[in-house]
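Hi there,

Here is the structure I promised to pass on. Have a look at it first, and my notes follow below.

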Amino acid sequence: MESRRVLVVEDERVINDAVAARLRAEGFAVEQAYDGPGAVRLCAEAGPEAGPEVVVLDVMLPGFDGHEVCRRIQATKPVPVLMLTARDDEADILVGLAVGADDYLTKPFRMRELVARVRALLRRVDRAAELATRPSARLVAGDVVVETGTRRASVAGQEVRLTPTEFDLLARLAAVPGEVLTREQLLADVWDWPAASGTRTVDSHVKALRAKIGADRVRTVHGVGYALEPGEGP
Ligand code: CA
């Protein structure tokens, strides 16, 4: 089987080399970039067919930062991005999610965890590709409509632009309107990430989703999880 392609973007060479070495040892084909412009150039030159399948992207970079890199590469071709942040700062994380990052890890991180996150992102890519070949499902929860085939969503007749992760999260919630899903369950179903250590990832994405579909649409059940509130009907 052909190696999956990962791009590692980090200006601190020691970290970049360590991440790249570990991913290569795990069987990935790894390319490395050390600044913002270099990462964008590498993606553009590779073209959509040969470009990275996952990008591991540090936020703090020379040239322009990881958020700008994410915005620019997502504009050409959607690719899953694992953002590395120096601080466990929610503002930082929300900006990352807004520009299309799918997941994030706070430094310092364990290599084992990084590899697991990269694999989870690839499984999601594969599953999305598989789903795309299936007949489309139309999930209707009141006035929230989610089309899995075209990956379009609308609320009260207005189309909403969602990142791939936000779409998957909304689709999961819309499949069981009104029903509470635990954060652990959402993490497993949407992120394919079984460990409970990433439940804040769920919270951050719910926050981003609320900003787009309306804060009252996703109900928080404290200590349990989230539920989609069906609106008034189509
Ligand atoms: Ca850096």
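**What I found**

Cys43 is buried, with a relative accessible area of 15%. Please keep in mind that this is a predicted model.

I began with the cysteines, and they gave a clear result: a search of the whole structure turns up 0 disulfides. Why does Cys43 have no bonded partner? Its closest cysteine sulfur belongs to Cys70 and lies 10 Å away, which is too far for a bond. A disulfide would need the two sulfur atoms within 2.5 Å. Seen from the other side, the closest cysteine sulfur to Cys70 is that of Cys43, again at 10 Å. Cys70 is buried too, with a relative accessibility of 0%.

Cys70 also comes up in a second pairing. Val40, which sits in helix H2 (residues 36–50), is 30 residues from Cys70 in sequence, yet their C-alpha atoms are 8.6 Å apart in space. Setting aside neighbours within four places in sequence, Val40 is in contact with Phe64, Val69, Arg72 and Ile73.

Next, the calcium ion. Which residues supply its protein donors? They are Glu10 and Asp11, through OE and OD respectively, then Asp58 through OD and Met60 through O. These donors lie 2.1 to 2.5 Å from the ion. Along the sequence, the donor residues follow the spacing E-D-x46-D-x1-M. Are Asp58 and Met60 buried or exposed? Asp58 is buried, with a relative accessible area of 2%, whereas Met60 is exposed at 59%.

Then there is the largest pocket, which holds about 510 Å³ of space. Its lining is made up of 19 residues, and those nearest the centre are Pro78, Arg161, Leu162, Thr163 and Pro164. Two or more lining residues come from each of helix H3 (66–76), strand S8 (152–155), strand S9 (158–160) and helix H6 (164–174). Sorted by class, the lining has 9 nonpolar, 7 charged and 3 polar residues.

Helix H6 deserves a closer look while you have the model open. This helix is mostly covered, with 8 of its 11 residues buried. The buried ones are Thr165, Glu166, Phe167, Leu169, Leu170, Ala171, Leu173 and Ala174.

Asp168 is in helix H6 as well. What does Asp168 touch, beyond residues up to four places away in sequence? The answer is Arg124, Arg151 and Val190. Asp168 also pairs up over a long stretch of chain: Asp189 is 21 residues away in sequence, with a C-alpha to C-alpha distance of 9.0 Å.

That leads to Arg124, which belongs to helix H5 (residues 111–133). Arg124 is buried, at a relative accessible area of 8%. Leaving out residues up to four places away in sequence, Arg124 touches Asp102, then Pro164, Thr165 and Asp168, and also Val190, Trp191 and Asp192. Among these, Asp168 is a residue of helix H6, and Thr165 is one of the buried residues of that helix.

If you want a place to start, I would open the view on Arg124 and its contact with Asp168, then move over to the calcium ion and its donors Glu10, Asp11, Asp58 and Met60.

Happy browsing, and do write back with your thoughts.

Best wishes

Definitions and conventions
Residues are numbered from 1 along each chain as its sequence is written. This is a predicted model: local features need pLDDT of at least 70, side-chain atom pairs count only at pLDDT 80 or more; totals for chains, interfaces and linings use all residues. Side-chain values use heavy atoms; hydrogens and water are left out. Donors are N, O and S atoms within 2.8 Å of the metal (3.2 Å for Na, K and Ca); water is not among the atoms, so sites may look incomplete. Buried means under 20% relative accessible area, exposed over 50%, partly exposed in between (1.4 Å probe, protein chains only). On a 1 Å grid over the protein atoms alone, a cavity is a set of points where a 1.4 Å probe fits but cannot get out, and a pocket is an open set with protein on both sides within 12 Å along at least five of seven lines; lining residues have an atom within 4 Å of a point. Grid points are joined across faces, edges and corners, and a volume is the space filled by probe spheres set on the points. Helices (H or I, at least four residues) and strands (E, at least two) are DSSP runs, numbered from the N terminus. Ala, Val, Leu, Ile, Met, Phe, Trp, Tyr, Cys and Pro count as nonpolar, Asp, Glu, Lys and Arg as charged, and the others, Gly among them, as polar. Contact means heavy atoms within 4.5 Å.
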